[in-house]
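Biologist: I would like to learn how to read a structure like this one, feature by feature. Could you give me the general idea each time, and then the case in front of us?

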Amino acid sequence: MISTESVLDSGEQPCIRLEPLNSTHLPGKATPTGGSRAALMDSSPKVTANGVHDIEDRILRITGYYGYNPGYSSHRREDGSESHTETPGSETSTESRSYHSCTNTALKVLGGLLMVLCVSSSWVGTTQVVKLTFQSFSCPFFISWFSSNWNILFFPIYYSGHVVTTRDKQTPIQKFRECSKLFGEDGMTLKLFVKRTAPFSILWTLTNYLYLLALKKLTATDVSALYCCHKAFVFLLSWIVLKDRFMGVRIVAAIMAITGIVMMAYADGFHGDSFVGVALAVGSASTSALYKVLFKMFLGSANLGEVAHFLSTIGFFNLIFISCVPLILYFTKVEHWGSLSSLPWGYLCGLAGLWLVFNILVHVGVVLTYPILISIGTLLSVPGNAAVDVLKHEVIFSVVRLAATCIICLGFLLLLLPEEWDSVTLRFLATIADKKPEEHGEELTESSAHTRSRSRANGTVSIPLA
């Protein structure tokens, strides 16, 4: 406590004598704040030489200053070491999260660009190997059937990658049964196998067979450009059948695709192999679009394992039920290939392998990176095939064919625009429009301030006109 009676009686100048508080606990009474009060008194700072530090702490504690803690006096606040609590851990964690997010995005983009090159290269290679195979073996349906059988390898390749990349060590049969839930809760039965697989297998075979027939009539560049029209057909079928959102820009893209098809057919005057080749390529694009729309309608959004299971199932169906078609064509001499030893197995295996790699990259790339990049990879096969046709086969393209190809490719790019592209564009333009008046207003403010400062320096005052 502070004592002043002896000082006043002696007549001397008053001074302050400090007495330490040994305890605040009164006998027979409980402390008002319990253990926290005792801890607060134990942690109180010691008396300094001039007593200022301890006095300030006591006054703040007695008056009940809000938020006061012992030791947070002016002397502590001057240091600033305890009054401003920093959390470097939280800042570090925030920076690390943002760093990891940027790193993952960069890796995904780089992986997508690499995937674009692989998809484009595999599709260009497939198309060019088909042209080379036709020079010594002109049996398109047999080539299509042989290449489709390689889809059986899709699920074993997926399972191998699953075992390597994950810790979940399931047996192949367990993983196969898990992925077969795509056909229903009871798994795959013989009835479901035929019912679900037959239409997709037929559409798959028709797509490949018509594509190969078109390559016998047209150049690889023309066929790959016409095949890109499948994107427009997917939009039209989804809009009609699946009731997807209507988008004016995609209608424009579909009109551009149809315009390109007509121009491509008109390039040689609507007669001869050119017109038939255009019709075959458009038929291939149409069956491909129908396959994708039906897959979305009946099977929904399947994961990668279910897609691998489904493609392998298509391969089994093709091997079991469609093997009779090449035999019928062989005995009717529609496609006669001679003895098995005379077949160009090198070209056939290379073609089937490239086709399988292309399908794997398309389905895996959609999961690992952005789907738009996979579509761009398919589009880049057009200039890739054009470069090979010009440099190796010395093909000369007419102006009409070049214009038709450019129109189809431009329509394909318009179809890649997202659904909210119009609102995003309007917000971006509105942001730019709002920034210009703000910058103009800041320039006017700076100029008026400069004018006032010059007027005050000259002893005059400028009055703005209303």
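Modeller: Let us begin with surface: accessible areas come from the Shrake-Rupley method, which uses a 1.4 Å probe. This is a predicted model, and its chain exposes about 27,800 Å², of which carbon and sulfur atoms supply 65%.

Biologist: How many helices and strands does the chain have, and what percentage of its 466 residues is buried?

Modeller: The chain has 20 helices and zero strands. A residue counts as buried when its relative accessible area is under 20%, and buried residues make up 36% of the 466 in the chain. As for how the chain folds back on itself, consider contacts between residues at least 6 apart in sequence: 76% of them join residues at least 24 apart.

Biologist: Which residues of helix H7 are buried, and how do they lie around the helix axis?

Modeller: The general idea is that an α-helix has 3.6 residues a turn, so residues three or four places apart point the same way. In H7 the buried residues are Phe154, Phe155, Tyr158, Tyr159 and His162. Viewed down the axis of H7, these buried residues fall within an arc of 125°, so they line one face of the helix. What they pack against is helix H8 (172–179), helix H14 (304–321) and helix H16 (345–368). The length of H7 can be checked too: at 1.5 Å a residue, its twelve residues (154–165) should span 16 Å, and the end C-alpha atoms are 17 Å apart, which agrees.

Biologist: How should I read a nonpolar core, and which residues have the most contacts inside the largest one?

Modeller: In soluble globular proteins, nonpolar side chains tend to be buried together. Here the largest nonpolar core has 64 residues, and those with the most contacts inside it are Phe137, Phe142, Leu215, Leu226 and Val278. Helix H9 (residues 190–217) gives the most to this core, contributing eight residues. Leaving aside residues up to four places away in sequence, Leu215 touches Thr127, Val130, Lys131, Phe134, Ala220 and Val223. There is also a second, separate core of 19 residues, which includes Leu203, Tyr291, Ala308 and Leu356.

Biologist: Is Asn318 in helix H14 buried or exposed, and what does it touch?

Modeller: Asn318, which is found in helix H14, is buried, with a relative accessible area of 1%. Apart from residues up to four places away in sequence, Asn318 touches Trp145, Ser148, Asn149, Ser201, Thr205 and Ser323.

Biologist: How many salt bridges are there, and where do their partners sit in the chain?

Modeller: To count as a salt bridge, a side-chain nitrogen of Lys or Arg must lie within 4 Å of a carboxyl oxygen of Asp or Glu, and by this rule there are three. One of them joins the side chains of Lys175 and Glu178, at 3.7 Å from N to O. These two residues are three apart in helix H8, and therefore separated by about one helical turn. Lys175 is buried, at 6% relative accessible area, whereas Glu178 is partly exposed, at 35%.

Another salt bridge joins Arg401 and Asp222, at 2.9 Å from N to O. This pair links distant parts of the chain, for Arg401 is in helix H19 (residues 399–415) and Asp222 in helix H10 (residues 220–227), 179 residues apart. Arg401 counts as buried at 10% relative accessibility, and Asp222 counts as buried at 3%.

Asp244 forms a salt bridge with Lys296, with 3.6 Å between the closest N and O atoms. This pair too links distant parts of the chain: Asp244 is in the loop between helix H11 (230–240) and helix H12 (248–266), while Lys296 is in helix H13 (residues 272–298), 52 residues apart.

Definitions and conventions
Residues numbered from 1 in each chain as written. Predicted model: local features only at pLDDT ≥ 70, side-chain atom pairs only at ≥ 80, totals over all residues. Heavy atoms only, no water. Helix = DSSP H or I, 4+ residues; strand = E, 2+ residues; numbered from the N terminus. Expected span 1.5 Å × (residues − 1). Buried < 20%, exposed > 50% of the residue type's maximum accessible area, 1.4 Å probe, protein only. Arc of directions from axis to C-beta. Contact = heavy atoms within 4.5 Å. Core = buried A, V, L, I, M, F, W, Y, C linked by side-chain atoms within 4.5 Å.
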